[in-house]
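Student: Could you take me through the enclosed space inside this protein, slowly, and then point out any odd spots in the backbone? I'd like a close look rather than a grand tour.

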Amino acid sequence: QTFEKLLIANRGEIACRVIKTCKKMGIKTVAIHSDVDANAVHVKMADESVCVGPAPTSKSYLNMDAIMEVIRKTRAQAVSLNESICCSCFIYRKQKSQILLSSQASEGVTFIGPDTHAIQAMGDKIESKLLAKNAKVNTIPGFDGVVKDADEAVRIAREIGYPVMIKASAGGGGKGMRIAWDDEETREGFRFSSQEAASSFGDDRLLIEKFIDNPRHIEIQILADKHGNALWLNERECSIQRRNQKVVEEAPSTFLDPETRRAMGEQAVALAKAVKYSSAGTVEFLVDSSKNFYFLEMNTRLQVEHPVTECITGLDLVQEMIRVAKGYPLRHKQADIPINGWAVECRVYAEDPYKSFGLPSIGKLSQYQEPLHVPSVRVDSGIQQGSDISIYYDPMISKLITYGSNRAEALKRMEEALDNYVIRGVAHNISLLREVIIHPRFVQGDISTKFLPEVYPDGFKGHKLTDLERRELLATAASLYVAEQLRSQRFLGTPRIPIAKSKRRSWELSVRLEDGIYPVEVSKDGSSFSVEVDGMKLNVTSEWNLASPLLSVTIDGTQRTIQRISRNASGETSIQFLGTVYKLQILTKVAAELSKYMPEKAEEDTSSILRSPMPGAVVAVSVKPGDTVSEGQEICVIEAMKMQNSMIAAKTGKV
C-alpha cells in the first residue's frame, strides 16, 4: 500500500508517464494545467485536473502558491515534482522565509523524490562539485566559487586555461551555458549566461570550469532508499547532442568495459550516500578518450532518457520512486541488476533540423500516428492528433524507444519505427534522427558530444541519395503517379452509357528531383509496375492504398516504407523516403515539353530583411530606425523555448 492520491506537478510526456504507473498501482491522480493545456493528454488521463494559471510556466506550472492551493483542495497525499518546481521550492522558501517541506509535513504531504537537502546540494553546481570532491568522486578542474562580474570571469578563465565552460549554478538542460575560447567570448558568455539563468531559474550565479574537448557524455542511473541502501542501474550513453541538449541516448554504452562501469557506478553511489540521497537520480560524467571520467552534475529527478534503463533492467523507475517515498526499502541488491539486451531512445522534437540541427517549430498536429505496430517499440508522448505545439513549452513531441537483444537489432527496429512514424502539421527532426542512427561512425560507436558538428560541419542537409536510392525514389514516385491516374479512372456504380475501357499499358513521364530532370517510362504488369529509369528496369510492387499515410513499397525485392506528405495539381509532390522529405515534380512528357514556356516566379530578395528563424519573444532590440549597422552586428535578441538567441545583420546597411 502506498498512496491513495498523487498530484502531478508536471505536463507533457513525463506527466503521462507517471499517470501510467499510478494506474498500475491503483493510485488516483490529480493533474495541474495552464489554460492553453486544458485539453492536453495528461489532463484527460488523470482522475482530476485543476487549472493553475495562464500559459507562461512561471505563472502556471511554477506558480507555487497555486499548486499549494491545489494540494489543499484536492487533499493529495503525495506530489510528483518537476525539476524547475524543485528549484522554485527554494526560491519560494527564501521568499516565504519558512522551510517548505516542514510546513508541508504538518499537512502530511509526501514529495516523490529526494529530500530537500539533497536537491539543494545537487541542484547547486558549485556546492555539488565540492561535495563530489569530498566523496572522492573525480571532478573537472575549475573555479569553485561564484563569479562576480565579466572582468573576474576573464581572470579566472585565463588561470584555468582556454577553452572554458561558463554555466549557471542552478542550471540544467543546456540553458545558461556558454563555451568561451578567448577573453571576448568570456565577456559575452558571462552576459548571456547570467541573463538566461536569471530568466530560467531566477538565479543568475555562474561558475567556470575547464572545457573537456571531444568527451563522451555518459551517466549512471542510481536508485536509493531512506534506509541507506543505494544501487547503480548501469549507464546511459548520451553523447549525441546539439547545443548541450541530448538527441539520441542508449543503454548500455559501447565504450565502457565492466571495470570502468563498476568504478563509475561505485562513485555515483558514494556521492548519493554522501548527500543521504533517496529516490531515483542520475550522476552525469564526461568521459575522455582514455576512459578517464569526471563528475559533471547530479540530476535529482527522473531523467528524460530513463526508459532505456527500464528496458535493459526490467525495473519501473516511477514505481520504485513511489515506493521509496512511502518509506519502503529497495527490493533489489546490486547483484540482481542485469544488462539484458540493448535499448535506444530518439527524442522526437517539433523542430526544423535543417536550421542549426533544430530550431523550434510550432503548429497543430493535423495527423499523428505512433509506430506501435513495430515490435519492441515504446513511445512516451504527451500529445495526440489535434494537439498544439506552442511557443510556451519544450518542443518535444515524444521519446521513441526501441529494444533488441543486441545493438544492431535495436538500431534496425529504430530505423523501421522512424519510417513508420506519421507526424504532420509541424516540422520535425525524424530525418536527422534517422541519419544519425545509420551513420557508419554511430554504428561503430565512434561518437563524442561533438558528433553532429563534426559529421555535418556545414549543417544538416538531409539524406544524400546514392544512385540506386535515387532510382528507387524516382520509380516509386512515378508508380504512385500512375496508380493515382488509374484510380481516378475507376467509377463506382454503372454509368448509363458504357465507357470504353482504356487499354493503356505504358506512360512516358518526366520527373524533376533536386537539380535533375529524369525521363521515366512506366508500364503496368498485373499488380506491379515495371519502371525504366536511367536505362535500368525496376519492378515496383505495393498495395497502393492511397488513403493511408504510410505506403509499404517493394522495389526489386527491397521493402521501403514511404509517406506521401503533399501533392498539388501542377504535379508537385513531397515524399518522405529514407526519413528525408524530397520534393518532386511529375509531368507527362507533353506537359514537360510545354512547361518550359511557363514564366518563372522571381525569388524574393531577403538579404536586407532580418527574419527570425523560429517563433519566439523579442527580449531586446539594440537598434532604431536610421541607424547604420555593419554585417554581423547584433540587431535583437529573441527568446524561444527558454533559450536566448542573438539575431545579427546579414549585411551592412541602414535600418
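Tutor: Sure. Keep in mind that this is a predicted model. Counting cavities of 30 Å³ or more gives one. The largest cavity holds about 30 Å³ of space.

So what lines the largest cavity? The residues are K125, S128, K129, K167, L207, E209, F295 and L296. If you want to see where they sit in the fold, look at α7 (125-134), β9 (206-210) and β14 (293-299), the elements that each give two or more residues to that lining. The biggest contributor is α7, with three residues.

Chemically, the lining is a mix: four charged residues, three nonpolar ones and one polar one. Among the residues named above, K125, K129, K167 and E209 are the charged members, while L207, F295 and L296 are the nonpolar ones. That leaves S128 as the polar one.

Now, where is this cavity with respect to the domains? It lies between domain 2 (115-140 + 214-339) and domain 3 (143-210), because both of them give residues to the lining.

On to the backbone, starting with the prolines. One stop is the peptide bond from Y162 to P163, which is cis, with omega near -5 degrees. You'll find P163 in the loop that runs between α8 (150-160) and β7 (164-168). Another cis peptide bond goes from A251 to P252, again with omega near -5 degrees. P252 is in a loop as well, the one between β12 (245-251) and α10 (258-274).

Then there are the positive phi angles. N244 is not a glycine, yet its phi is positive, at about 65 degrees. Look for N244 in the loop between β11 (230-242) and β12. Is N244 buried or exposed? Neither, quite: its relative accessibility is 33%, so N244 counts as partly exposed, given that buried means under 20% and exposed over 50%.

D556 is another non-glycine with a positive phi, of about 50 degrees. D556 belongs to the loop between β28 (551-555) and β29 (558-567). With a relative accessible area of 48%, D556 also comes out as partly exposed.

If you're clicking through the model, you could begin at α7, which gives three residues to the cavity lining, then visit P163 and P252 in their loops, and finish at N244 and D556.

Note on methods
Residues numbered from 1 in each chain as written. Predicted model: local features only at pLDDT ≥ 70, side-chain atom pairs only at ≥ 80, totals over all residues. Heavy atoms only, no water. 1 Å grid on protein atoms, 1.4 Å probe; cavity = no way out; pocket = protein on both sides within 12 Å on 5 of 7 lines; lining within 4 Å. Points joined across faces, edges and corners; volume = space filled by probe spheres on them. Helix = DSSP H or I, 4+ residues; strand = E, 2+ residues; numbered from the N terminus. Domains from an automatic or database assignment. Buried < 20%, exposed > 50% of the residue type's maximum accessible area, 1.4 Å probe, protein only.
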